[in-house]
Amino acid sequence: MNTQDILHFITTQGAEFGLKLLTAIAAWIVGRWLIGLAVGLMGKIFERGGKIDTTLAHYLKSITSVLLNIVLILAILDIFGVKTTSFAALLAGAGLAIGAAWSGMLGNFAAGVFMQVLRPYKVGDFISAGGVVGTVTELGLFATTLTTPDNVMTVVGNGKIFGDNIQNFSALPVRRVDCVAKVANSVNPLDAMARLKPVIAAIPNVAASPAPDIEILEFTPEGPKLCVRPYTHTDHYWQVYFDTHKAIVETFGAAGYPVPETPVAYRSAPSGVA
């Protein structure tokens with residue numbers, strides 16, 4: 001392009017191009033200010049709500065900022081007469097390809113976002129989720145890390161956790177410990193229940209309210225089976241579980257109860273058989 005062509009462009013389209021350039025600059029300045037205002041307002045809403053993790057809030061703000069900046073750039077290109085339909089189609093195609101390739105990762109991310117908002121559990125809770133039972137040591141955007149009771153670190157994808165049932169054993173103050181005790185048919189089960197109640201209630205870390213449940217569960221050929229169910233916090237579950245069994249053995253032994261035995265029926269030989 002020579003000098004004459006430049007002068008011809010300036011004299012014929014210079015005013016219009018200059019107006020478009022000033023409009024684009026103004027749109028960029030105002031658009032950036034509005035984007036910053038929107039992202040800042042979003043951050044304040046997240047901070048006041050207190051239900052969204054700081055890491056997740058940062059990710060959401062970054063994603064929102066990027067998307068709004070893309071929209072702003074497309075709008076500015078449209079001011080200069082550039083057809084943005086092809087750009088939008090290209091972005092949509094790229095998004096579709098990335099979504100198809102990373103469908104599993106995006107599913108885990110989406111589940112992680114929902115769990116950060118809904119908070120079905122937190123770090124330190126003892127849960128059952130995704131087929132794994134353990135204590136939550138890390139709640140990430142893509143996966144949750146658990147430490148199982150046998151001290152094995154297990155990483156479970158958030159998509160699998162969110163798509164299945166979640167049991168949080170730490171959400172409530174106490175949980176029930178289920179134990180059983182069987183007495184012989186010659187033992188009065190009411191006497192056994194009366195002996196167990198004060199002993200079970202005195203076990204360390206057993207909750208006073210609700211009080212331990214000790215009832216007749218069922219009758220068996222060996223004798224009545226009692227359910228012994230104290231309540232305790234999940235941190236003391238196994239201590240109370242084992243101490244309850246020890247208390248049952250000691251209480252029944254001190255009372256002199258016989259060991260339950262399976263009844264045996266003896267058949268007499270037919271008469272006339274030598």
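In what order do the five strands of the open sheet run? The order is 4-3-2-1-5, and the pairing is antiparallel. The close-ups below come from a predicted model.

**View 1. An open sheet of five strands in a predicted model.** The strands pair in the antiparallel sense, in the order 4-3-2-1-5. Strand 4 (153-157) is one edge strand, and strand 5 (166-168) is the other. Each of these edge strands pairs on one side only. Neighbouring strands are turned against each other by 40° on average, direction ignored. Strands of a sheet pair through backbone hydrogen bonds.

**View 2. Strand 2 against strand 3.** Strand 2 covers residues 132-139, and strand 3 covers residues 143-147. Four bridges join the two, in the antiparallel sense. One pair to pick out is T135, which stands opposite T147 of strand 3.

**View 3. The hairpin of strand 8 and strand 9.** Two residues lie between the two strands of this hairpin. Strand 8 spans residues 213-220. Its antiparallel pairing with strand 9 runs over seven bridges. Among the bridge partners, D213 is matched with R229 of strand 9.

**View 4. Strand 9 and its pairing with strand 7.** Strand 7 takes in residues 179-182 and pairs with strand 9 in the antiparallel sense. Four bridges make up this pairing. K182 has K225 of strand 9 as its bridge partner. Strand 9 also pairs with strand 8, again in the antiparallel sense. Is strand 9 mostly covered or mostly open? Strand 9 (residues 223-229) is mostly covered, with five of its seven residues buried.

**View 5. Helix 6 crossing helix 7.** Helix 6 is residues 189-201, and helix 7 is residues 237-255. Their axes come within 10 Å and cross at roughly 135°. Helix 6 is therefore oblique to helix 7. The crossing is right-handed.

**View 6. The contact residues of helix 6 and helix 7.** Which residues make this contact? Helix 6 contributes A192, R195, L196, V199 and I200. Helix 7 contributes T244, A247, I248, T251, F252 and A255. By class, the contact has eight nonpolar, two polar and one charged residues. The charged residue is R195, because Arg counts as charged. The polar residues are T244 and T251 of helix 7, because Thr is outside both the nonpolar and the charged lists.

Key: Residues numbered from 1 in each chain as written. Predicted model: local features only at pLDDT ≥ 70, side-chain atom pairs only at ≥ 80, totals over all residues. Heavy atoms only, no water. Axes fitted to C-alpha atoms, helices over the stretch in contact; angles between N-to-C directions. Parallel < 35°, antiparallel > 145°, perpendicular 65-115°, else oblique. Left-handed = near helix turned anticlockwise from the far one by under 90°. Contact = heavy atoms within 4.5 Å. Buried < 20%, exposed > 50% of the residue type's maximum accessible area, 1.4 Å probe, protein only. Pairing = 2+ DSSP bridges.
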